[in-house]
Amino acid sequence: MLEPLRQGLPPLDPAAVSSAASCALPARFEAVREARQFTRRTLDQWDIGERFDDVCLVVSELVTNALRHALPADTPRNDDQGPPVRLHLMRWTARLVCAVRDPSHDSPVAGDSDDFSAESGRGLFLVDSFADSWGWHPLAGTLSGKVVWALFRLPQPGPAAPPAE
């Protein structure tokens, strides 16, 4: 079990976020594809598409974990119910946060498999490898469940080159 971790997470003051987008995801594994497509469109709109591969891998793992481990077994797997999982993308000047909200209060559990050819159990290892930092925290107030987040540092634009003479 992992302890709640907020260290490294930028303040979630909506006024400080330069761009934000979110999408609701149904309780179907096809939602992982939908999350990747949403991430691609959003990063392209924000002109940070060069980070897509790393961000997409992490988004896929976080959404897969939410669908596989955070939903009760009796969660309806059709579109009749409200989507139980939500993906949030938040951009600051120098960083991007991907956060996946799910209804479970259980902490994420890192797999302990040393078999790198295994087809499952390595999701949080991949998140840790590709994101600059990650963590989770329980939700408070009227929302129940938790948020698992990953932070990516964004390249800063360098000084403008002097005009050619």
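Which residue forms a salt bridge with Arg28, and how many Å apart are the closest N and O atoms?

**Figure 1. The salt bridge of Arg28 in the predicted model.** The partner of Arg28 is Glu30, and the closest N and O atoms of this salt bridge are 3.7 Å apart. Arg28 counts as partly exposed, with a relative accessibility of 24%, and Glu30 is likewise partly exposed, its relative accessible area being 39%.

**Figure 2. The salt bridge between Asp54 and Arg51.** Here the closest N and O atoms of Asp54 and Arg51 lie 3.6 Å apart. Asp54 has a relative accessible area of 26% and is partly exposed, whereas Arg51, at 15% relative accessibility, counts as buried.

**Figure 3. The salt bridge between Arg153 and Asp132.** In this pair the closest N and O atoms are 3.7 Å apart. Arg153 belongs to strand E5 (residues 146–153), while Asp132 sits in the loop between helix H3 (123–130) and strand E4 (133–138), so the salt bridge ties together parts that are 21 residues apart in sequence. Arg153 is exposed, with a relative accessible area of 54%, and Asp132 counts as partly exposed at 38% relative accessibility.

**Figure 4. A network of salt bridges that includes Arg28.** Salt bridges with shared partners join Arg28 and Glu30, the pair of the opening view, with Glu34 into one network. Across the whole structure, the search finds six salt bridges, among them those that Arg28 forms with Glu30, Asp54 with Arg51 and Arg153 with Asp132.

Methods:
Residues numbered from 1 in each chain as written. Predicted model: local features only at pLDDT ≥ 70, side-chain atom pairs only at ≥ 80, totals over all residues. Heavy atoms only, no water. Salt bridge = Lys/Arg side-chain N within 4 Å of Asp/Glu carboxyl O. Buried < 20%, exposed > 50% of the residue type's maximum accessible area, 1.4 Å probe, protein only. Helix = DSSP H or I, 4+ residues; strand = E, 2+ residues; numbered from the N terminus.
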